[in-house]
Amino acid sequence: MRRGLKPAAAGLVLLLASAATCAQDFPVDPPGGEQGPPPPVGLAMPEDFLAPPADLVTPLAILDRLVVPGTRMQLEWRPGGGISAAEIPSPVVVTRGALSGPVLCLVAGVHGDEINGVEIVRRLAHGIDPTRLSGTVIGVPIVNVHGYSRGTRYLPDRRDLNRFFPGSRSGSIASRIANAFFQDIVSHCDMLVDFHTGSFERSNLPQVRADLTRPDVLEFSRHFGNTVVLHSPGNKGMLRVAATAVGVPAVTFEAGAPARLEPEEIAQAVAAIERLMVQTGMREDPAAAEGAGAPLDPEVVARRPDPAPIFLDSRWVRANSGGLLISEVTLGQRVQAGQRLGRVIDPVANVERYILAPVAGRVIGMALNQSVLPGYAAFHLGTETSEQQAVQEAAEPSEVVEDDPDPEERRDAPDPAAGEDYE
């Protein structure tokens with residue numbers, strides 16, 4: 001997202017102008033002791049002084065602080081208006097690269113119980129060397145400190161924060177928090193990744209969810225290595241939907257289940273973001289750099305073979321009876337049409353009923369073993385497709401099933417059985 005001259009950059013221009021004026025007041029004698037001609041009137045200075053390099057990196061002004069190039073600073077974010085005066089502040093880790101480049105925002109904890117994302121962002125934000133970074137990484141591991149401190153998905157009033165972006169200054173608590181975050185953080189971003197997990201005792205294979213009908217988002221989704229990519233237009237009020245609407249390409253990165261830390265899923269997500277930074281020229285490619293500290297040339301990266309994303313279509317398979325769900329497959333497993341995915345046991349009648357795969361595919365999401373009701377979304381199957389086919393199908397009009405049919409009434413009372421795209 002392009003913006004006008006930042007305060008720090010404007011200050012640099014004034015500093016240069018001041019230096020130019022001082023130079024006129026104190027002329028320097030030329031070699032040989034002869035007095036040269038008087039300096040020209042105005043701010044004329046040597047051309048190389050007045051025209052600094054185009055890739056000059058200036059301090060980043062954010063949250064009333066200046067982050068100097070080649071450094072990392074941990075800041076604190078609180079929504080204004082006393083909304084969270086009694087809560088701990090949300091940490092914001094800003095890594096300002098020594099070299100010019102885009103601003104990548106990594107966001108987690110919009111749902112307070114999705115702690116895999118908290119660790120993913122923390123690990124990435126504190127693990128980047130700012131002296132070898134081209135651009136800036138803004139990491140916000142915990143947006144919803146209200147929910148995080150209570151171990152719950154929601155805000156204290158039971159509203160889902162990820163249904164209120166970009167928010168407003170005069171709306172509900174959720175809307176005001178969303179608006180403050182959008183103005184204070186998202187306004188600085190050039191691209192954004194919002195980390196989530198499965199909801200309501202479901203687990204998701206690491207995957208990128210993106211609106212493939214938008215060319216900038218499609219291009220962005222190509223940079224995560226061999227990560228699963230699902231077309232999902234998203235719902236009104238989601239952070240990625242609101243960010244994309246104002247020109248910031250954004251995706252959701254799903255990884256694992258809520259309320260637990262899963263090392264394998266965390267490691268896969270971290271590796272995907274590191275690949276993203278290589279592909280966008282923000283970090284050097286260890287396999288491509290010819291010398292220590294050599295900056296990455298995006299054109300070189302484009303010519304190198306790289307793991308390609310895996311585009312999938314998907315569908316949920318639901319339980320047709322109530323009882324105790326016991327899965328017979330694992331996350332990421334490939335299954336055949338007709339294969340048994342799990343069984344639902346009626347403990348009163350002592351009857352078992354099987355859930356079968358309607359198509360061949362890969363298990364990209366699944367409910368954890370639990371008590372379920374008829375219609376509960378139990379298994380999420382993905383079928384591999386090409387990028388072209390995924391984009392074509394995404395562009396075709398289709399009936400979209402919203403998680404919250406009535407945004408004003410249902411954003412605080414979701415249906416746990418909905419399953420689809422419940423970010």
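What share of the contacts in the protein chain with a separation of 6 or more is accounted for by residues 24 or more positions apart? In this predicted model, such residues account for 70% of those contacts. The legends below begin with the whole chain and then turn to close-up views.

**Figure 1. Overview of the protein chain, with 11 helices and 18 strands.** The chain has 423 residues, of which 47% count as buried. About 19,800 Å² of the chain is exposed, and 54% of this area is supplied by carbon and sulfur atoms. The salt bridges in the model number 15. Three of these pairs are shown in the views that follow, namely Glu284 with Arg132, Arg159 with Asp157 and Glu254 with Arg209.

**Figure 2. Close-up of the packing of helix 3 against helix 8.** The axes of the two helices are 10 Å apart and meet at an angle of about 45 degrees. Helix 3 is therefore oblique to helix 8. The crossing of helix 3 past helix 8 is right-handed. On the side of helix 3, the residues in contact are Asn116, Glu119, Ile120, Arg123 and Leu124. Their counterparts in helix 8 are Glu265, Ile266, Ala269, Val270, Ile273 and Glu274.

**Figure 3. Close-up of the salt bridge between glutamate 284 and arginine 132.** The closest N and O atoms of this pair are 2.1 Å apart. Glutamate 284 belongs to the loop between helix 8 (263–279) and helix 9 (298–303), and arginine 132 to the loop between helix 3 (115–127) and strand 6 (134–140), so the salt bridge ties together parts that are 152 residues apart in sequence. Glutamate 284 counts as buried because its relative accessibility is 18%, a value under the limit of 20%. Arginine 132, in contrast, is partly exposed, with a relative accessible area of 38%.

**Figure 4. Close-up of the loop between helix 4 and helix 5, where arginine 158 and proline 166 are found.** This loop joins helix 4 (145–150) to helix 5 (173–184). The peptide bond leading from phenylalanine 165 to proline 166 is cis, and its omega is near 5 degrees. Arginine 158 is not a glycine, yet its phi is positive, at about 70 degrees. Its relative accessibility of 45% makes arginine 158 partly exposed. Also shown is the salt bridge between arginine 159 and aspartate 157, in which the closest N and O atoms are 2.9 Å apart. Both partners count as partly exposed: arginine 159 has a relative accessible area of 27%, and aspartate 157 has a relative accessibility of 22%.

**Figure 5. Close-up of the salt bridge between glutamate 254 and arginine 209.** Here the closest N and O atoms are 3.8 Å apart. Glutamate 254 is in strand 10 (residues 250–256) and arginine 209 is in strand 8 (residues 202–210), so the pair links parts that are 45 residues apart in sequence. Glutamate 254 is buried, at 0% relative accessibility. Arginine 209 is buried as well, with a relative accessible area of 1%. Elsewhere, Glu328, Arg340, Arg343 and Glu352 are joined into one network by salt bridges that share partners.

**Figure 6. Close-up of serine 221 in helix 6.** Helix 6 comprises residues 215–221. Serine 221 counts as buried because its relative accessibility is 0%. Apart from neighbours within four places in sequence, the contacts of serine 221 are with Ala210, Leu212, Val229, Pro309 and Phe311.

**Figure 7. Close-up of serine 327 in strand 12.** Strand 12 comprises residues 323–327. With a relative accessible area of 17%, serine 327 is buried. When neighbours within four places in sequence are set aside, serine 327 is in contact with Leu341, Gly342, Met366, Ala367, Asn369 and Phe379.

**Figure 8. Close-up of asparagine 350 in the loop between strand 14 and strand 15.** The loop lies between strand 14 (340–346) and strand 15 (351–356). Asparagine 350 has a positive phi, near 55 degrees, although it is a residue other than glycine. Asparagine 350 counts as exposed because its relative accessibility is 68%, a value over the limit of 50%.

Key
Residues are numbered from 1 along each chain as its sequence is written. This is a predicted model: local features need pLDDT of at least 70, side-chain atom pairs count only at pLDDT 80 or more; totals for chains, interfaces and linings use all residues. Side-chain values use heavy atoms; hydrogens and water are left out. Helices (H or I, at least four residues) and strands (E, at least two) are DSSP runs, numbered from the N terminus. Buried means under 20% relative accessible area, exposed over 50%, partly exposed in between (1.4 Å probe, protein chains only). Contact means heavy atoms within 4.5 Å. A salt bridge is a side-chain nitrogen of Lys or Arg within 4 Å of a carboxyl oxygen of Asp or Glu. Accessible areas come from the Shrake-Rupley method with a 1.4 Å probe; for residues, only the protein chains shown count as cover. Axes are lines fitted to C-alpha atoms, for helices over the stretch in contact, and angles run from 0 to 180 degrees between N-to-C directions. Angles under 35 degrees count as roughly parallel, over 145 as roughly antiparallel, 65 to 115 as roughly perpendicular and the rest as oblique. A crossing is left-handed if the near helix is turned anticlockwise from the far one by less than a right angle, and right-handed if clockwise.
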